Amino acid sequence: MGALKTDRGDDADGLKRRARSALWRSLSRRLTTAEVGRRVMYFSEISSTMDAAREVALGNRQTLRLRSSAGVSGEDRPAPVIGTAIFADYQSGGRGRLDRTWVSPPRKSLLLSVILEPFGFSTALSVFPLMTAVSLCSALETFLGVAPEIKWPNDLTLSGKKFCGVLCRAHAFPNRPDEGGGTARQIVVLGIGINLNQRPADFPPEIRETATSLRIALGKRIPRIALARRILERIDADYQEILREGAQPLLRRYKARCTSLGRRVRVILPDEEVIGWAEDVAEDGSLVLRVGEECQVLVRAADVVHLR
Ligand code: BT5
């Protein structure tokens, strides 16, 4: 059956898409944040919100339109870049860390990227993935009453199954001549994928045993836009705190939620695996791993498996 047509010749899908776009964009008006979500962009389908974030940061409006196969809702007037939150209903090339894929059927997840510019920030940018994990946990706890666990560095799990992943990218851009040239601007993009309303059959077989969604865990449908609002507000609050006070308070909250700490873990590095005790998280977010009596190792980027 063909798509329904309205008097104005719009098809029903197009109308729904525009209605969703208007809803997502109205989010920025309801936010009480200092920076995060000052501008909200929505795509019904895109390769990856991380690609869109990069193009926004570069100011490439044209590329952005070409990349989006449908439903871009950017504006034509200049808009703020920093604080932009980009949402998508579906990603054709959703990415995880190390070029792995992030899969999600249309409109079942929260898929977003947030652009920040931590100007004058002296702590390592590598704390931002940890900050994101903490912000997500706090938002989920207050909004849904659920207490996710953080598996180092930033997988969110419920009963050991992953329902949320975080991918952060830093981009350095040369200053424009009118900004004095010289020193590069550092932009950080937080990428967040949360499984909200998937049922078990929505996951591909290869992750069906290891993945879950909030709907599966809580037995109820999760409203995407309302949750998105809580998340942006929480990220903003934690981000402002980091800029004001440094990362220490945030790191304390991270350690309290990180279930990898105090456990025996297998750390999977690109070309080796190490077993040890996860003792601590360093100031830059590295995992402090004790291997044997004498040896402590700092692990910056890896996958961790919890052992009994
Ligand atoms: C992550 O990578 O967990 C980071 C995922 C970030 C996704 C967001 S969505 C918005 C933004 N735009 C993007 O393109 N990405 C970000 P990693 O730790 O490498 O985990 C990837 C692995 O998780 C995959 O290799 C699968 O095994 C598994 N996986 C893939 N999709 C999943 C899902 N929906 N739920 C649970 N596990 C999944």
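**Ligand site, helix α1 and I194**

Colleague: What makes the pairing of S48 with the ligand a polar contact?

Modeller: In this predicted model, a polar side-chain atom of S48 lies 2.7 Å from an oxygen atom of the ligand; the cut-off for a pair of N or O atoms is 3.5 Å, so the pair qualifies as a polar contact.

Colleague: Which atoms of the ligand do the side chains of T49 and K162 approach?

Modeller: For T49, a polar side-chain atom is placed 3.1 Å from a nitrogen atom of the ligand, whereas an N or O atom in the side chain of K162 is 2.7 Å from an oxygen atom. Both values are within 3.5 Å, and therefore both pairs count as polar contacts. On its own the ligand has 800 Å² of accessible area, of which the protein covers 91%.

Colleague: Which residues come nearest to the ligand?

Modeller: There are 25 residues around the ligand, and those that come nearest are S48, R95, R100, V103 and K162.

Colleague: Why is I194 called buried?

Modeller: The relative accessible area of I194 is 0%, and the term applies under 20%, so I194 is buried by that criterion. The residue belongs to strand β7, which runs over residues 184-195.

Colleague: With which residues is I194 in contact, once its neighbours within four places in sequence are left aside?

Modeller: The contacts of I194 are then with S109, L110, L136, F163, C164, L214 and I231. Of these partners, L214 is 20 residues away along the chain, and its C-alpha atom is separated from that of I194 by 8.4 Å.

Colleague: How do you know what span to expect for helix α1, and what span does the helix reach?

Modeller: Helix α1, residues 12-30, has 19 residues; the expected span is 1.5 Å times one less than that number, which gives the 27 Å expected, and the helix reaches 27 Å from its first C-alpha to its last, so the two values are close.

Colleague: Which residues of α1 are buried, and what covers them?

Modeller: The buried residues in α1 are G14, R20, S21, W24, S26 and L27, and their cover includes strands β1 (39-43), β2 (84-88) and β3 (109-116) together with helix α6 (224-245).

Colleague: What share of the chain as a whole counts as buried, and how much area does the chain expose?

Modeller: Of its 308 residues, 49% count as buried, while the chain exposes about 15200 Å², with carbon and sulfur atoms supplying 50% of that area. The chain contains 7 helices and 12 strands, and among contacts with a separation of 6 or more, 63% join residues 24 or more positions apart.

Technical notes
Residues numbered from 1 in each chain as written. Predicted model: local features only at pLDDT ≥ 70, side-chain atom pairs only at ≥ 80, totals over all residues. Heavy atoms only, no water. Helix = DSSP H or I, 4+ residues; strand = E, 2+ residues; numbered from the N terminus. Buried < 20%, exposed > 50% of the residue type's maximum accessible area, 1.4 Å probe, protein only. Contact = heavy atoms within 4.5 Å. Near = heavy atom within 4 Å. Polar contact = N/O pair within 3.5 Å; in protein donor to acceptor, adjacent residues only side chain to side chain. Areas by Shrake-Rupley, 256 points an atom, 1.4 Å probe, with all protein chains shown as cover.
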